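Here's an informal walk through one model, strand by strand and helix by helix. Have the sequence and the 3D view open as you read.

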Amino acid sequence: MVNDERKACLDNRFTSTSHRHASSRIVLFFLAVLLLLTLSMLLGPSGIGIPDMQSNAGSAIISLRVNRLLMGMMTGAALSASGVVFQALLRNPLAEPYVLGVSGGAGLGATISILAGSGLFVTLGLPVVAFISAVLTLMVVYGIASQGSSGQPSVYSLILSGVIVSSICSSVIMFLVSTASVEGMHNVIWWMLGSLQPVSSGQQLLSAALIVGGLGGIWLLSPHLNALALGREMAHYQGLRADLVLVTGLLFATLLAATAVSLSGMIGFVGLIVPHVMRAVFGPDNRKLVPLAALGGGTFLVVCDALARTILAPIEIPVGVVTALAGGPFFLIILQRRMKQAWIA
Amino acid sequence: MDIMEHYALVFRDVSAGYKHRKVLDHVSFNIREGEFVSLIGPNGCGKSTLLKTAAALLTPLSGKVELFGQDVHRIKPAVRASLLGVVPQKIESSMAFTVSQIVMNGRISSMGRWGTMSPGDHDLVERSMIYTDVLELRDRYFTELSGGEQQRVALAMVLAQDPKIIMLDESISHLDINHRQEVLQILMNLNREKRMTILLVSHDLTLSASISDRFLLMDAGSMIKVGTPTEVLEPEVLSRVYNCDLRVQQDPYTGYLQVLGSIDSLNRRKSLNRSVHVIAGGGSGIELYRRLIIEGYEVTTGVLNRLDSDAEAARALNLQVALEQPFSPLGSDAIQEALKMIDAADAVILSQVPFGSGNLVNLELAAAALKKGKTVLLAAGIADRDYTQGKAALQFMSRLTNDGALIWHSIPELMLQLQKHSRHRSS
């Protein structure tokens, strides 16, 4: 009886307040997303505000801005969600596509296909080649990390070999670029700097399909990601096919990261900052975290892009520079204030 | 097939291990449904590997593991989780999950696609948290809890699985005494009321002896012995397996076995090379034995009746004892034996033993020792412990003191007297 009362009392005290807090936070977050997306629609090198829709130039500007917004949403969502998954699966706050060499591998694949291919092959084949080479890279990283340990690689050896393989990939990219023709070099470097310049509609549709599929897959996996927070062994004891969840999760996360890289080049920091900020605000429950981080990552990148093309207009700064410059300090503030509650490493 | 179903866990000639290292070497045993079994053995003998193999985390290199009659590797993971729960040595979460979120993980295999829980699931989670006394911690971050609190949360999570057998890998060694008793009580209740089978990896042999139906003793990857506490807790076997001097005795109050380690006493006793004979009985000798052994004396004792608690203690401490049949007057054979011991001893100590007609003979021993020129130390206050007719013991004692026997009042004082005496002798 006493226990029941105590339980009821505790239920009341905790669930009601924390629920109210959580839902009001989510409402605020959605409002902020809407506001920021609207604001970034108003920004551009051609001036602030809505251009004249009647003129050809005005409607072109609007469609360009809508296009970049979609590009930003897709890329940001993919990078951020893949960061969430890598961090959850490898149980490490530093895990993200770049650290694990996934982005480097995707970049290498993309570089090769940009330099070697032409026409339709480049536009449609780019995400596929990037994905394949990212998966191959991940397998190499995983294989190296597994050596010496008893079957399962430790997180530290994974990250160590990821960093090394990643730097090998960038060296190969540098080598390829330095030996490429002027036109090829221009294409690769422009792509590599990271920008949300519109790509062909074919590649955009294919990328959209891959990203939506990847996000859906990850969301389905998200309850299981929670169980993996206590480690592979514990997840196994609780009746999960832990290794299957791990491999599926890594594949989906790699698919997202590779598609983002093939779409917009090397944009760093999104997969690291956004998941951490979202976790600090909404808690580590991956069921909520995956969709919220996807939305947050997309919005973050769109805002960064709006700034990138406005601040020094008509010069456009690579958006990767803005993500790092804007995200870094913000990340440090969050780290200081909320990290203790969100991630105790 | 019928018999099979009564077993919760069966190992049939299982060898298992890791890539380059075989840990389990042809291990066979079985655990019946509803049993409380302790798995013991020195560090690194393969206990954790055995649990991992039982939970299908490791695939055996050869042999077969059966869980409730089925090959554990053929059971679907979700079904396996409803049969078997494992509380590991330590669980770590790198993310700030709350306690209730952690406990809900126990229901993960029965959750809906989006991680939704049925009211039944919720009840199980709540009940497990109440059981393990972690309800107040429910909104705290798991990572912020103390080791003992984390262990109770882990147990709550495993209880939420509602398994039929629970395996605990040294999980209770981190708990303070209050919560250790509590967790053991929980396990015993589950064992008795719900017939839950328990396999507890433990280093506390005495504690395990009081709660276990059976013991599994492992050493170097092999199963050394399987049986009841009395069958497995044998000083010779334990001392060999644990590679140190261990003694087993029966708690006079509860009747449970106690395993005691006294690593240092042997060496020190040998180095001092002085021997003392103790005349005791009725439990008056236990503390004397203990202190004398710690101080490094070679101790003999007797005559004692075979069921006397001093006799039990002396046997557990590996002392030389002159024994007589229970409840009979002390006979001449035993007395002869005791006299031989007195011959070899440097001093004879008489404990605060009460005297009746049955053991008055022991005073004769003291008198004989005095005649042989031994130092004799008598406990003070005999008048209160003399139940003989006509105060025979009291009179006997005063004769002894007249003949040169010394009186001791407390054990520390006795130890000083012995030391003084031995210095005096050696000089």
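Let's begin in chain B with strand β14(B), residues 297-305: eight of its nine residues are buried, so the strand is largely enclosed by the rest of the structure. Buried here means 20 or more other C-beta atoms within 10 Å of a residue's own, exposed means 12 or fewer, and partly exposed is anything in between, with C-beta atoms placed from the backbone. Strands (E, at least two residues) and helices (H or I, at least four) are DSSP runs, numbered from the N terminus.

A word on bookkeeping: this is a predicted model, in which local features need pLDDT of at least 70 and side-chain atom pairs count only at pLDDT 80 or more, while totals for chains, interfaces and linings use all residues. Residues are numbered from 1 along each chain as its sequence is written, and chains are lettered from A and ligands numbered from 1 in the order in which they are written.

**Around β14(B)**

Strand β13(B), residues 274-279, runs parallel to β14(B) and is joined to it by five bridges; strands pair if DSSP finds at least two bridges between them. One of the bridge partners is B:T300 in β14(B), which matches B:H277. To get from β13(B) to β14(B), the chain goes through helix α11(B), residues 286-295, in a right-handed β-α-β crossover. Right-handed means that, with the strands pointing away from the viewer, the path from the first strand over the helix to the second runs clockwise.

Next comes β15(B), residues 320-324, which pairs with β14(B) in the parallel sense, over five bridges. Here B:G302 sits opposite B:A322. The crossover from β14(B) to β15(B) passes through helix α12(B), residues 309-316, and is right-handed. B:G302 is worth a second look: its peptide bond to B:V303 is cis, with omega near 0 degrees, and B:V303 lies in β14(B).

**Positive phi in chain B**

| Residue | Phi | C-beta neighbours inside 10 Å |
|---|---|---|
| B:A56 | near 65 degrees | 20, buried |
| B:N318 | about 65 degrees | 15, partly exposed |

B:A56 is in the loop between α1 (47-54) and β4 (62-67) of chain B, while B:N318 is in the loop between α12 and β15 of chain B.

**Cores and chain A**

The largest nonpolar core has 177 residues, and A:A81, A:V85, A:A257, B:V103 and B:V153 have the most contacts inside it. Such a core is a set of buried Ala, Val, Leu, Ile, Met, Phe, Trp, Tyr and Cys residues joined through C-beta atoms within 7 Å. Helix α2(A), residues 56-90, gives this core its largest share, 14 residues. A second, separate core of 48 residues includes B:L288, B:L377, B:A379 and B:M397.

A:S80 is in α2(A) too, and with 32 other C-beta atoms within 10 Å it is buried. Leaving aside neighbours within four places in sequence, its contacts (C-beta atoms, placed from the backbone, within 7 Å) include A:V270, A:G271 and A:A294. A:S80 and A:V290 are 210 residues apart along the chain, yet their C-alpha atoms are separated by 8.6 Å.

A:V290 also turns up where α11(A) meets α7(A), in a contact that includes A:W219 and A:L225 from α7(A). Helices α7(A), residues 201-227, and α11(A), residues 286-310, pack at about 145 degrees with axes 7 Å apart. Axes are lines fitted to C-alpha atoms, for helices over the stretch in contact, and angles run from 0 to 180 degrees between N-to-C directions.

Note on methods: Contact = placed C-beta atoms within 7 Å.
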